[in-house]
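Got a minute to go through this one together? I'd like to know what stands behind each label we put on it.

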Amino acid sequence: MASFRKALKSRQRNHHERSQPEFRKHLGLLEKKKDYKLRADDYHKKENTLAALRKKALDKNPDEFYYNMISSKMQDGVHIPNKAKEEVEVTEEQKKVMRTQDIKYVEMKRVAEAKKIERLKGELHLLDAESKEKNRHTFFVDSRAKVQSFDLANHLDTAPELVDRVFNRPTLKTLETKSIQGAADPHCLMKLAKQRNHQYKILTQRIDREKKLFVISQKIQTRKDLQDKNNKVKVKKETPNAAAIYKFEVKRKR
């Protein structure tokens with residue numbers, strides 16, 4: 001059999017495709033059957049697509065409406081849904097920190113901010129902060145007549161000028177027996193109040209910064225957890241103020 005195959009091969013001749021005649025060389029290479037087949041298939045595919053689109057246009061209801069018609073835009077020939085402003089998941093500031101900083105660094109800065117906040121709260125006591133809800137002090141009397149004649153300064157046994165104070169409100173006896181300690185000049189009091197308001201402003205800024213760092217830390221940790229190959233389901237999507245919440249499949253450790 002081997003000798004027969006060799007003899008058969010020796011008698012075979014190479015197959016040569018007919019070339020483009022000399023007088024048609026300016027038209028390029030001669031098209032072969034396989035080239036024509038590709039061109040014909042492409043032509044018929046486009047024809048069928050156009051026919052299907054014409055039928056769809058004829059069958060279309062002129063009154064039909066989809067919300068996607070107003071909630072998307074055309075970009076480079078492709079429909080892209082509009083993303084509402086409230087659906088922004090990560091702000092530019094968060095992206096920058098998450099790209100450049102490690103979770104340990106972010107957590108370190110957050111803990112430092114939290115310690116500074118505690119120290120400021122201990123110094124200021126938050127007694128006259130503008131953002132703090134005002135305390136209510138209710139006094140009970142026996143009759144309506146006493147309500148009309150009720151004197152708050154007399155009831156608290158203090159000077160009328162000190163009634164509005166929420167702290168450092170000495171009684172009349174204390175004012176008579178002891179000397180005033182600290183600043184008493186109106187100019188000095190105004191200066192101290194200005195400094196106190198400035199400290200409250202710094203405290204508010206530090207609280208906001210600590211919250212932002214906490215959110216960034218949570219988002220970085222979530223991205224690390226997502227690298228795990230366990231099955232997971234998104235429970236709550238990511239927002240600028242909170243990381244996404246995922247529920248992971250429980251796997252028993254062996």
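**Labels and what backs them**

Strand 1 (residues 72–75) and strand 2 (residues 78–81) run antiparallel to each other, with four bridges between them. Keep in mind that the model is a predicted one.

Q: Why are strand 1 and strand 2 said to pair?
A: Pairing takes at least two bridges. Strand 1 and strand 2 have four, so they count as a pair. One example is K73, whose bridge partner in strand 2 is I80.

Q: What makes up the turn of the hairpin that strand 1 and strand 2 form?
A: Two residues sit between the strands, and D76 in that turn has a positive phi of about 55°.

Q: Why are V90, M98, I103, V106, L213, I216 and I220 called a nonpolar core?
A: The label asks for buried residues of listed types, Val, Leu, Ile and Met among them, joined through side-chain atoms within 4.5 Å. Buried here means under 20% relative accessible area. These seven residues meet that, so they form a core, the largest one in the chain. Helix 4 (103–124) and helix 8 (186–226) each give two or more residues to this core, and helix 8 has the largest share with three.

Q: How do you know which residues M98 is in contact with?
A: Contact takes heavy atoms within 4.5 Å. Neighbours within four places in sequence aside, V90, I216, K219, I220 and R223 pass for M98.

Q: What lies apart from the largest core?
A: Another core, of five residues, including L120, L124, Y200 and L203.

Q: How much of the chain is buried?
A: Buried residues are 14% of the 254.

Notes
Residues numbered from 1 in each chain as written. Predicted model: local features only at pLDDT ≥ 70, side-chain atom pairs only at ≥ 80, totals over all residues. Heavy atoms only, no water. Buried < 20%, exposed > 50% of the residue type's maximum accessible area, 1.4 Å probe, protein only.
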